Amino acid sequence: MRITKLLYYSRNLMNIRLKKKIVKWIWGIALFPFVFLFLMIVLINWGVFGKMPTFEDLENPQSELATEVYAEDGSGNYTLLGRYALKNRSHIEYKELSSHLVKALLATEDVRFTQHSGIDYRSLVRVLFKTVLRRNNKYGGGSTITQQLALNLYSERSSNRIKRVIQKLQEWVTAVNLERNYTKSEIITMYFNTIPFGFESYGIRTAAQMYFDKLPSELNLEEAALMVGILNAPSWYNPVKYPQRAKDRRNIVLSQMVKYRFLAKKEYDSISKLDIKLNFKLANHNTGYGTYFRETLRQIMKMSKPDIKDYRFKTHEEYVSDSTQWEKNPLFGWCNKNLVNGRPYNIDRDGLKIYTTIDARMQQYAEEAVVEHLSKTLQPQFNDSKRYRRHFPFSNLIKESIIEESISTAIRNSDRYRSMKKAGHSESEILKSFNDSVKMTVFSWTAKNKEVDTIMTPRDSILYYKSILRVAFMAIEANTGRIKAYVGGHNFKYFKFDNVWQGRRQIGSLVKPFLYTLAFQYSRNPCDKVFNNTQTISLPEGGVWSPRTSEKEEYIGKYITLKLALALSSNNVSAYLIQQISPHALVKLCHDFGLTGYMDPTPAICVGSSDMSLFEMVAAYNVFPSKGMYTYPLFVSHIDDKHGNRLANFSPDKKDVINEKEAYKTVNLMQGVTLGGTGTRVWNYVSRSADVAGKTGTTNNNSDGWFIGYVPKLTTGVWIGNEDRGAYLIGDGARMSLPIWGLFMKKVLANKKISIWDTDKFEIPTSIDKSIFDCPDDDDTGNME
């Protein structure tokens, strides 16, 4: 009996112990995930699985922000000109968001956003049972808006499953910390500022401008729903490429808004039937106004301190010029001269706001003038010359060996040649490929979007692009030097070379106003007469030099005034003056006027044998309406950081180079150029009541055509040419370049809000004797068309 009881009790005791063990195991199994999760979170906080955002990181989230470049709009405000960005992203404030955007986002991504603290546990349970266990993806994920923000700000999505689990836990921790540091409205704002919308654009401000040309606050209901719908998969729901997909996705967002009572069913029924309407404008470096200006500005601000070792393939003058700019120009290398958080500014990531001196209206007029004259007149005329050129676009005067050398150089500088060379192809294989026809897209003036698909050999494409005329245009404000319009070429996508800043071409007769200014310093006056005959100058090294002249016979062998001589652009008189003064004196004066290119101090300098950039030439000519004051052209008025705090202000760098009397004497002579000399075509565009001065310039065989003209408040220059100097053009500066100046000035003067009037007059110095300008022989100068 006792034994039986003992057995009974022992069995019960064993059962109790077994039950306890089983219960412990059950509890252990049940609690293990939570303990494991707790340990994982602790380890994540310690940074075992990777660096976590610090408190400072959460206070100052580092998202890559596009730098914005602004132009003046004429009303005291600024308009966006373009952006610099690795990721095209711009910031906004919560108050700038349309209420439709916020409601659409909550209804679609996180309806309990205001009720949780970063993690929505109800959504997690839904994901576990419906998405994971049932393998049904239609119920979506469990990430809250805050978790998505954490991923956008501090990590990149991993494709590895184990890493993705760890990353998910990191998002949870970061999300909770974000909720502790920011309000709900701040989190919503940060989310909209960081999310991608396709086409390399980030943030709702950039996206709204790109898709609808609107501010986020201006988006209506259907537009806001489309923007939120894109977030799910920007490429798949791209409204430009796949409008029906995007419309279906938009309607899902609208239906979610109905489901959570953000939208009435009746309103949904009407809006869901609407087609998508876009005002799409792709924002990149190739589009918009001021493309060349923006890129040159970027390069200037990113410049490093000049090192002579980096100038092996450049001239010594370029090194000296850049070194001077580094020392004297605060904008030159600004990003490297100034630090943020102990490092140089990154113009593509730090969200700077650069306020330029460009006038948006003038910039538009300049680009329109360039396109109108090139596409409608100059390029067709140049193309017509193909019928009498053996090797179009080259002149028949150019040797075939020189033409082949030019083409060969272009081939070796091409991307195709370099990539094939890198891939290990032989020279013969590479050159052969340039004669094989391939499909390509090329620039075309006649195509709607200025590009056309065609089939041609790469060699032919090189010749084709060499036949496209090139252009440079810049306008700056007198006295201040503020750049108001800047066009380095007619299509930045296909022609990256900036002809304003980078291009240096022979200036021809544009040098003559400097020579005449120098003559005034040697006590000459506008009405002084010079015998106009062929000049033969003995050279120090032996031999002689005589300039060619294109003057009418009626002026040869006669005494003419300096005023008439400049109007006629007389090479004979220029040669006479250089003998009286000396080439070295002219070189020095030109350097004082800001011309940095090499100038050979020989007699030929008097007819413009030197190469200069349009940038420097316009700045130099601006001395005349500025009463003898040289001002280095000003690109930027001020720079702010991403928060709107002022980082830098910029003011003109000025110096006196000639006195007011000498400046006005030259102005008066250059008015003679437009009134009765080579520049009379200006009156085809502006009123004869206007004060206009200027000078045309044409180089040997019409390789380059120039015109720089100015009114009392604005100096504007134009250059027309070709990539190869051997592609002689079909006119002089008056026919090629002056019309672009005229088309531009016509619109500027017509816009009364710009405050440049045809009634503006050049101010005559009070100390000057006006009678020195009354030249009796000037009444019959004739018309030098």
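**Notebook: cysteines, strands and odd backbone spots**

Cys 335 is my opening lookup: with a relative accessibility of 2%, this residue counts as buried. Note to self before going on: the model is predicted.

**Entry 1, cysteines**

I checked Cys 606 next, and its relative accessible area is 0%, so Cys 606 is buried too. Then I went after disulfides. How many does the model have? The count comes to one disulfide. Cys 527 and Cys 775 are the partners, and I get 1.9 Å from S to S. I also looked up the torsion about that S-S bond: it is about -95 degrees, so I wrote the disulfide down as left-handed.

Where do the two ends sit? Cys 527 is in the loop between helix H20 (512-521) and strand S14 (529-532), while Cys 775 lies in the segment after helix H27 (738-750). That puts the two cysteines 248 residues apart, and the pair links distant parts of the chain. I then asked of Cys 775 whether this end is buried or exposed. Cys 775 is buried, at 5% relative accessibility, which is under the 20% cut-off. Cys 527 has a relative accessible area of 21%, so this end goes down as partly exposed.

**Entry 2, strands S11, S12 and S25**

I moved on to strand S11 (residues 470-477), which has antiparallel S12 joined to it by four bridges. S12 covers residues 483-487. For my own orientation I noted two bridge pairs: Met 474 goes with Tyr 486 in S12, and Phe 473 has Val 487 in S12 as its partner.

What links the two strands? They form a hairpin, with five residues between them. Asn 479 is in that turn, and I read a positive phi of about 75 degrees for it.

S11 also pairs with strand S25 (residues 714-721), antiparallel again, and here I count eight bridges. On that side, Glu 477 faces Leu 714 of S25.

How covered are these strands? In S12, five of the five residues are buried. In S11, seven of the eight residues are buried, so I have this strand down as mostly covered as well. A reminder for when I look at side chains here: in a regular strand they alternate between the two faces of the sheet.

**Entry 3, helices H3 and H10**

My reminder for this entry is that two packed helices are described by the angle between their axes and the distance between the axes. I looked at helix H3 (residues 99-109) against H10 and got an angle of about 85 degrees, with the axes 8 Å apart. The two helices are therefore roughly perpendicular to each other.

Which residues meet there? H3 brings His 100, Lys 103, Ala 104, Ala 107, Thr 108 and Glu 109, and H10 brings Arg 249, Val 253, Gln 256 and Met 257. I sorted the residues of this contact into four nonpolar, three polar and three charged.

**Entry 4, backbone oddities**

Background first: most residues other than glycine have a negative phi, and most peptide bonds are trans. I went looking for the exceptions.

Arg 261 is one of them, with a positive phi of about 65 degrees although it is no glycine. I found Arg 261 in the loop between helix H10 (243-259) and helix H11 (265-271). Its relative accessibility is 78%, so Arg 261 counts as exposed.

Asn 341 is another non-glycine residue with a positive phi, near 55 degrees. Asn 341 sits in the loop between strand S6 (339-340) and strand S7 (343-344). I read 70% relative accessibility for Asn 341, which makes this residue exposed.

Where is there a cis peptide bond? I found one running from Phe 392 to Pro 393, with omega near 10 degrees. Pro 393 belongs to the loop between helix H15 (360-384) and helix H16 (400-412).

**Entry 5, Asn 668**

Last lookup: Asn 668, which is in helix H25 (residues 660-676). Is Asn 668 buried or exposed? Its relative accessibility is 9%, so Asn 668 counts as buried. What does Asn 668 touch? Leaving out residues up to four places away in sequence, I get Lys 563 and Phe 773. I also checked Phe 624, 44 residues away along the chain: its C-alpha atom is 9.8 Å from that of Asn 668.

Definitions and conventions: Residues are numbered from 1 along each chain as its sequence is written. This is a predicted model: local features need pLDDT of at least 70, side-chain atom pairs count only at pLDDT 80 or more; totals for chains, interfaces and linings use all residues. Side-chain values use heavy atoms; hydrogens and water are left out. Buried means under 20% relative accessible area, exposed over 50%, partly exposed in between (1.4 Å probe, protein chains only). Two strands pair if DSSP finds at least two bridges between them. Axes are lines fitted to C-alpha atoms, for helices over the stretch in contact, and angles run from 0 to 180 degrees between N-to-C directions. Angles under 35 degrees count as roughly parallel, over 145 as roughly antiparallel, 65 to 115 as roughly perpendicular and the rest as oblique. Contact means heavy atoms within 4.5 Å. Ala, Val, Leu, Ile, Met, Phe, Trp, Tyr, Cys and Pro count as nonpolar, Asp, Glu, Lys and Arg as charged, and the others, Gly among them, as polar. A disulfide is a pair of cysteine sulfur atoms within 2.5 Å.
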